[in-house]
Amino acid sequence: AVAGDTQYVVHQVKYSDLDQNRHVNNARYVEWIFDLLDQDLLEKSIPSFFSIDYKHEVKSGDTVELRKMKLENEGLAFAIEGSLSDSDKICVRSKIIFQ
């Protein structure tokens with residue numbers, strides 16, 4: 001779905017997303033974030049900056065709504081925010097800038 005320059009994707013946490021503590025593995029968040037980006041962009045551009053901030057743990061059975069927003073005045077830059085669908089609690093934030 002797209003609303004203006006914002007894209008939404010819902011991800012249902014599965015067993016394969018979990019680490020040994022039964023929380024979503026940190027690397028999975030990165031995969032979810034890059035899966036939001038256009039494949040053509042990823043094949044033709046190189047990220048020059050990537051940050052991720054883990055705000056709240058996510059567990060099996062949770063549903064995460066990921067929102068991608070294009071940042072104005074920063075070239076090819078995106079902010080991604082993930083929140084728990086049932087509470088709107090922010091669980092992850094990220095920023096990516098491409099060359």
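# Exercises on rings and strands

Tyr29 counts as buried because its relative accessibility is 3%, where buried means under 20% relative accessible area, exposed over 50% and partly exposed in between (1.4 Å probe, protein chains only). The model is predicted, so local features need pLDDT of at least 70 and side-chain atom pairs pLDDT 80 or more, while totals for chains, interfaces and linings use all residues. Residues are numbered from 1 along each chain as its sequence is written, and side-chain values use heavy atoms, without hydrogens and water.

**Exercise 1.** State how many helices and strands the protein has, and their pattern along the sequence.

*Solution.* Step 1: the protein contains two helices and six strands, taken as DSSP runs of H or I (at least four residues) and of E (at least two), numbered from the N terminus. Step 2: reading along the sequence gives β-β-α-α-β-β-β-β.

**Exercise 2.** Find the count of aromatic pairs and classify the pair of Tyr29 and Trp32.

*Solution.* Step 1: rings of Phe, Tyr and Trp (its six-membered ring) pair if their centres lie within 6.5 Å; planes under 30 degrees apart are stacked, over 60 edge-to-face, the rest tilted. Step 2: this rule yields four aromatic pairs. Step 3: the ring centres of Tyr29 and Trp32 are 5.4 Å apart and the planes stand at 65 degrees, so this pair is edge-to-face. Step 4: both residues belong to helix α1 (residues 26-36), and because they are three residues apart there, about one helical turn separates them. Step 5: Trp32 is buried, since its relative accessibility is 7%. Step 6: one aromatic cluster is formed by Tyr29, Trp32 and Tyr54.

**Exercise 3.** Say whether Tyr29 is buried or exposed, then classify the pair of Phe34 and Phe50 and place both residues.

*Solution.* Step 1: Tyr29, at 3% relative accessibility, is buried. Step 2: the rings of Phe34 and Phe50 have centres 5.5 Å apart and planes at 40 degrees, so the pair is tilted. Step 3: Phe34 lies in helix α1 and Phe50 in strand β3 (residues 47-54), so to speak of this pair is to speak of a link between distant parts of the chain, 16 residues apart. Step 4: Phe34 is partly exposed at 23% relative accessibility. Step 5: Phe50 is also partly exposed, its relative accessible area being 31%.

**Exercise 4.** Describe how β6 pairs with β3 and with β5.

*Solution.* Step 1: strands pair if DSSP finds at least two bridges between them. Step 2: seven bridges join β3 and β6 in the antiparallel sense, and Tyr54 stands opposite Val92 in β6. Step 3: strand β5 (residues 76-84) is also antiparallel to β6, over eight bridges. Step 4: the bridge partner of Phe78 in β6 is Ile96. Step 5: the hairpin of β5 and β6 has five residues between the strands, and Asp88 in this hairpin takes a positive phi near 65 degrees.

**Exercise 5.** Characterise the surroundings of Ser94.

*Solution.* Step 1: Ser94 is located in strand β6 (residues 90-98). Step 2: with a relative accessible area of 6%, Ser94 is buried. Step 3: apart from neighbours within four places in sequence, Ser94 is in contact (heavy atoms within 4.5 Å) with Ile33, Phe50, Ser51, Ile52, Phe78, Ala79 and Ile80.

**Exercise 6.** Give the span of the C-alpha trace and the share of buried residues.

*Solution.* Step 1: along its principal axes the C-alpha trace spans about 35 × 25 × 20 Å. Step 2: of the 99 residues, 32% are buried. Step 3: among contacts with a separation of 6 or more, 56% join residues 24 or more positions apart.
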